[in-house]
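Open the model in your viewer and show it as a cartoon with side chains hidden. The stops below say what to select and what is there.

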Amino acid sequence: MKFSFPHMGTSHVAFKYLLENLGYEVINPPTPSKKTITLGARYSPEFACMPFKVLLGTYMEVLDKGAEAIVTSGGIGPCRAGFYGVLHEKILKDMGYDFKMIILDPPLYDIKEFFNTVSLLRPKKIGWRGFINVVKDSWAKLCALDEMEKEANLVRAYEVNKGDTTKKVNEIIEVIDAASTRKEIMGLQEKSISMLHEVPQNKLRKPLKIGLIGEIYVVIEPFMNYDIERLLGEMGVIVHRSIYVTEYTRHTIWDRKAEDYIKEAAKPYLELMIGGHGVNSVGETILYAQDGYDGVIQLAPFTCIPEIVSKSILVKVSEDYGIPVLTLHIDEQTGEAGIRTRIEAFLDLLHQKRSLSGKEGMAK
Ligand code: SF4
C-alpha cells in the first residue's frame, strides 16, 4: 500500500523512515506551495482555518501522485482541529478520491482506540518487537531533527557568513535521512550538533532573543510562516520556538503533565482550555518575559479562535510584564514583504527598548 502524511517542517524525514521500514511505499508530501493553498482553498469551506486548507491541498497532491492511505493526527479540545481528519476524508471522498484515512487521535480519552489505530500500521509479517524497534529508530531521527533545529536557531544568530547555518542544516537533514543502521541513528543527535558547530560564528555579538508562539502548524511549517526562524536568525536574532513535533507528541501521548508549568503561568489570565495552543501562547509569553527575552512573536492563522482569544489577553500580559508582542496573522493573502517589514519594525523597537533599559551590549 502507498502511504502519505502531512508535511510539517522536517518531520517527513522520520515519518518516511518509519513507513518505509514497515514495508510500505511512501509518497513523500511535497513542501507546501502556492499551488497547495490554491487547491486546498478551492475545496475547503470558506470559514476553514489556513492549516485545514493547506493540509487538504497536500492530501490532494499526494493522492494525485498515487497515495492509497493517509496517516494523520487528530486533535483535542474545543476548537476545529478535532474535526480536521474526518472532514478532510469526507471532502476528498466526495470529490471521488478512493483511499484509506488513518487518524491517530491523542490517547487522552480512549487509550484502547489509540493502540488499535496504531496497530493498523503494523503489517502482519512484522512482529511487535520489530515494529517497536522501527518506531524507536524513527523517534530517534525525529529527536535528532528537532534538537538540530533548536541548535541551528542559536548558531544562526552568530554566523559570520549569512546563510552558512541553513546550508549546514540542509546537509545534516541529508545525513539524518540517509542513516539506516541502529548505530548510525543513535549517533545522529551528537553528529548533527557537532556539524552545526563547524559554522564560523562571531560570539562577540549580543543578539536579541525572541520567543515564537502560536498555533502548532503555522509555528512548525516554514512555508506557513515565511521561514520566520531563518529570517530572524539571519537578522541576527536568537529564536526560541515554543513547540516541536517531538514535544507535542510526548505531551499528548505519555507525558501529559509536562506542560502544566505553562498552564500554571497562564492561570491568572486564562484558566479555561480554549483549544489549540491558546493557553500555551499566554503562559509561554509570561515565561519568556521572566526568562529575560526581548520580545515574543505570535503566529496566528486567520480565523484561529484560540489564537484570537490569546491575542486579546496578550495585550494585558505585554503591559504587565513589559514584553513587546507582535502578532502575525497568516492567511492566503499574506505577503512575504509585509511580514518582513513588520518584523523589521518590531526589531527596531526591541533594539530601542534594550538601549533605553541600558542593557545594550549585555550578552543575553
Ligand atoms: S488551533 Fe486554530 S487553526 Fe488550528 S484548528 Fe483550531 S482554530 Fe483552526
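The tour starts at a sheet, moves to a helix beside it, and ends in the core. Keep in mind throughout that this is a predicted model.

**Stop 1: the four-stranded sheet**

Select β1 to β4. They form an open sheet in the order β2-β1-β3-β4, with parallel pairing. β2 (25-26) and β4 are the edge strands; each has a single partner strand, so one side of each has no neighbour in the sheet. Next, pick out β1 (residues 2-4), which is joined to β3 by two bridges. Show Ser-4 and look across to β3, where Ile-70 stands opposite.

**Stop 2: helix α4**

Select residues 84-94, which make up helix α4, and colour its buried residues: Tyr-84, Gly-85 and His-88. Viewed down the helix axis, these buried residues fall within an arc of 90 degrees, so they line one face of α4. What do they pack against? The buried residues of α4 pack against α3 (50-64), β3 (69-73) and β4 (100-104). Turn the helix over: Val-86, Lys-90, Lys-93 and Asp-94 are exposed on the other side. Then step just past the end of α4 to Gly-96, which has a positive phi of about 105 degrees.

**Stop 3: the largest nonpolar core**

Which residues have the most contacts inside the largest nonpolar core? They are Ile-210, Leu-212 and Val-296, in a core of 85 residues. The element that gives the most to this core is α3, with nine residues. Now centre on Val-296. Leaving aside neighbours within four places in sequence, its contacts are Ile-210, Gly-211, Ile-213, Thr-285, Tyr-288, Ile-323 and Val-325.

**Stop 4: strand β7 and its partners**

Select residues 295-301, strand β7. Seven of the seven residues are buried, so the strand is largely enclosed by the rest of the structure. Both faces are covered: Gly-295, Ile-297, Leu-299 and Pro-301 lie on one side, and Val-296, Gln-298 and Ala-300 on the other.

Add β5 (residues 208-214), which runs parallel to β7 and is joined to it by five bridges. Gly-214 has Leu-299 as its bridge partner in β7. Then add β8 (residues 325-330), paired with β7 in the parallel sense over six bridges. Leu-299 has a bridge partner here too, namely Leu-328 in β8.

Finally, show helix α15 (residues 305-321). Together, β7, α15 and β8 make a right-handed β-α-β unit.

Note on methods: Residues numbered from 1 in each chain as written. Predicted model: local features only at pLDDT ≥ 70, side-chain atom pairs only at ≥ 80, totals over all residues. Buried ≥ 20, exposed ≤ 12 C-beta atoms within 10 Å, placed from the backbone. Arc of directions from axis to C-beta. Contact = placed C-beta atoms within 7 Å. Core = buried A, V, L, I, M, F, W, Y, C linked by C-beta atoms within 7 Å. Pairing = 2+ DSSP bridges. Right-handed = clockwise from strand over helix to strand, strands pointing away.
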